[in-house]
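The following exercises are intended for a reader who meets this structure for the first time. Please attempt each task before reading its solution.

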Amino acid sequence: MEKRITKGILKISLCFIFAVVSTNLMAQTDSNLRTRLFDEGWSFKLDSIESGPEKPDFDDSGWRKLDLPHDWSTEDVAIQIPDSIVGPFYRKSDGQTFDGFTYGGTGWYRKSFKLSKAEEGKNIFIQFDGVYMNSDVWINGHHLGNHPYGYTPFNYELTPYLNLPGQENVLVVKVRNEGKNSRWYAGSGIYRHVQLTVVNPLHIDIWGVNVTTPEVSETSAKVNVATTITNGEKKDEDFILFTQLFNAEGHNVGKGESKVTIAAGETLETSQVLMVENPALWSADSPNRYTVQVEIQQKAKTVDKVSLPVGIRDIKIDAKNGLLVNGKPVLLKGGCIHHDNGSLGSISIEAAEERKIKLLKESGFNAVRMSHNPPSSVLLEVCDRLGMYVIDEAFDAWKKTKFQDDYHLYFEENWDKDLTAMIHRDRNHPSIILWSIGNEIRERASDEGLQITQMLLDRVKVLDPTRKVTEAVCDFWDARRTYNWEEHTPAIFDILEVGGYNYMDEKYEADHEKYPDRIMLGTESYPSKAYEIWQLLQKHSYLIGDFVWTAMDYRGEAGCANTGFIKGKQRKTFVQWPWFNAFCGDLDFVGNKKPQSFYRDVVWDRSPIEMMVQKLEVPEGMRYYVNDWGWPDELKSWSWAGSEGDTLQVRVYTKSKLVKLELNGKLIGEQAIADTSITALFNVPYQPGTLVAKAYENGKEVSSTLLKTVGKPAAIRLIADRTTIKANRNDLAYVSVEIVDAEGNLVPYADDIEINYTITGPGEIAGVGNGNPIDISSFQQPKKKVYQGKGMVIVRPTGIPGEIILEAIAAGMDKDRVKITLH
């Protein structure tokens, strides 16, 4: 099969060679030999100057030196003003609660580099995986272009404007994060990786390899490899396109070889089919991967080569059978996530992205929704490798605004470019099972909105016909006088291939009665409804999954999960300074499990029983409330010093039908649990000791859990997630900080103890943090208070092998230290 991309003469003779021969994968060259990271050695200045730094001879000797990725909005502001500018937080920020009270502004980046003699005559491209936002790029004073969207990748060719090998070239990037442009913390700057690609004039395009698996079974698979090639030479070129597929052990399991002629200045796409016997299939439970290597050869010499990991898997979705992965039914246990990485801000470093997905998998999630923008390429690679299903989402706004400075300003001119970039970059990731074209779009049901929906879906199907398309649709809270669910959503869902429901689970069964062929997906849901929604998912095949808002705490939308005491019918969706954190995650800001995560463990049958305790004294004339995205202010603790004799609320979560509660060996109550619930509630006068909850089925104890009163804070305990890491700027060690009693038990009520850190060796403290949503102290200073007895230090190598020693000290505490080896 062949496809003409531009006009010209194309002669192609295609033959397929299928073989299962043993080949050493290490003998291959890696795709990174043509593409290298371009992150090191940049100069940076936060300055609103309009022009000047783009000129090659501009003096940047006084600028700060740094390595990418970089997010200036997570850094301490130069001038600190108590209760106004604290750490990176600014009380009068443009976005306020939405951006988490952080600065934007204008930042300039400059990098000088020289080409080697071997790179003379090559085609050279610069690739940005993400810059937030509105970036302009210059090379040697020549303006390459402007890229408004902060989340899509883009690239420019540098070749015509480069100086001769050995001479200095100057690359300049101007970044403008201005006004109120995001509903969550976006960060600022070149926050994802930059790469330099050097190829011959005859080469495989960037994102030019597209691998699909149109036929998959347990005994065989058809792997289609479509390669887009450009001939930048001034004459026609003959070459052999040689494609190989290697399994995880490095053995060659398929070959394709094509003789191709391409005209001068032309671009073409050619496809090859490889047949694989007894394939190791990819799924979230078994993330098996292969490596595709595509090579252009002329006269037995390699002209260009690309290698990339891929997965062989089959995805089918319909209302009758639900979601089938490799023929097996799957329910999506999903969580929505934003792109920030806690104390690091929006910086995308491999170790940070891997830790995030690993923690979510360990908490039972098998799917994530990239809300509400394309993620980093690094995160998708992690999802492929660890096994996590992905909804890849394009936009939070189309033409109609949510905020005055958001993407609606750029949609009409840039939607096709941005959507194409997302899909071309991401289409080879087996983890991606759905494309989403939008989230809670304001014009979703208008005539124009429906036209845009169809336009976007049609474009996606051209770019990738192998995956279905969804959109997250919410109730018409923004236009109740004009639209209603029953009358106006059918037109939306008639266009979409999978109907995304945001907080509309009560409509599932009624909508199915009217539209039995509609596939439904909970694209957002409240944490408190986890059990009820899971019951529906297990009952109905047309429901393929649910994505809670959210899987992990994030910056911005500050306090959307707030709880507290209010009068009458008052309600607070968001709360003001000093809240910076949404606080609605199953995991907190530094990755610790929160009460709703333990509840979800019971819902998903990961744990038979869990117990939480809440101290609740309601002031007169007030009522206790939990916001829609929130959770009761409870702890997995029976340590409440000073509360002796006070009544505490104890919640036991279990699917068993009877719970008995014992305190210090004495039965204090038992409770039957209704079929519609998994919660038993007890009011218990507090006294120190041991609290035990026991679950019974048919009169027999089937599970139990206990909480013990701990001692006073006595020592600091440091636990590194890894004590040996790479001496590489893209690796990190996350060091958990705990306050423990004399017996080594975590002290969960320790909130105000400040820890001071020192680090020696070839490393630095990249960030400090805790789970407190109102702790607006610095993320960069070597000190931080703990929250509920816990904190976090992120250690980053400087790039030199050796040993790092991190030491933690606090007044009245035994100190601790941890050693991290860099290799």
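**Exercise 1: A strand and its partners**

Task. Identify the bridge partner of L663 in β38, and then describe the pairing of β37 with its neighbouring strands.

Solution. The model examined here is a predicted one.

Step 1. L663 has K666 as its bridge partner in β38.

Step 2. The strands concerned are β37, residues 658–663, and β38, residues 666–672; they run antiparallel and are joined by 6 bridges.

Step 3. The hairpin of β37 and β38 has 2 residues between the strands, and N664 adopts a positive phi near 50° there.

Step 4. β37 also pairs with β40, residues 690–697, through 6 bridges, and these two strands run antiparallel. In this pairing, V659 lies opposite A695 of β40.

**Exercise 2: The packing of α7 and α8**

Task. Determine how the axes of α7 and α8 are arranged, and state which residues of the two helices meet.

Solution. Two packed helices are described by the angle between their axes and the distance between the axes.

Step 1. Helix α7 covers residues 530–539 and helix α8 covers residues 595–603; their axes come within 10 Å and cross at roughly 30°.

Step 2. Angles under 35 degrees count as roughly parallel. α7 and α8 are therefore roughly parallel to each other.

Step 3. The crossing of α7 with α8 is right-handed.

Step 4. From α7, the residues A530, Y531 and W534 meet Y599, R600 and V603 of α8. Classified by type, this contact of α7 with α8 comprises 5 nonpolar residues, no polar residues and 1 charged residue.

**Exercise 3: The surroundings of α7**

Task. Which residues of α7 are buried, and what covers them?

Solution.

Step 1. The buried residues of α7 are A530, Y531, I533, W534, L536 and L537.

Step 2. The elements that cover these buried residues include the strands β25 (332–337), β31 (520–525) and β32 (543–548), together with the helices α6 (508–514) and α8.

**Exercise 4: A second helix pair**

Task. Describe the packing of α3 against α4 and the classes of residue in their contact.

Solution.

Step 1. Helix α3, residues 411–426, packs with helix α4, residues 447–463, at an angle of about 30°, and the axes are 10 Å apart.

Step 2. α3 passes α4 in a crossing that is right-handed.

Step 3. α3 contributes F411, W415, D416, L419, T420, I423 and H424 to the contact, while α4 contributes I452, M455, L456, R459, V460 and L463.

Step 4. The contact of α3 with α4 contains 9 nonpolar, 2 polar and 2 charged residues.

Definitions and conventions:
Residues numbered from 1 in each chain as written. Predicted model: local features only at pLDDT ≥ 70, side-chain atom pairs only at ≥ 80, totals over all residues. Heavy atoms only, no water. Axes fitted to C-alpha atoms, helices over the stretch in contact; angles between N-to-C directions. Helix = DSSP H or I, 4+ residues; strand = E, 2+ residues; numbered from the N terminus. Parallel < 35°, antiparallel > 145°, perpendicular 65-115°, else oblique. Left-handed = near helix turned anticlockwise from the far one by under 90°. Contact = heavy atoms within 4.5 Å. Nonpolar A, V, L, I, M, F, W, Y, C, P; charged D, E, K, R; others polar. Pairing = 2+ DSSP bridges. Buried < 20%, exposed > 50% of the residue type's maximum accessible area, 1.4 Å probe, protein only.
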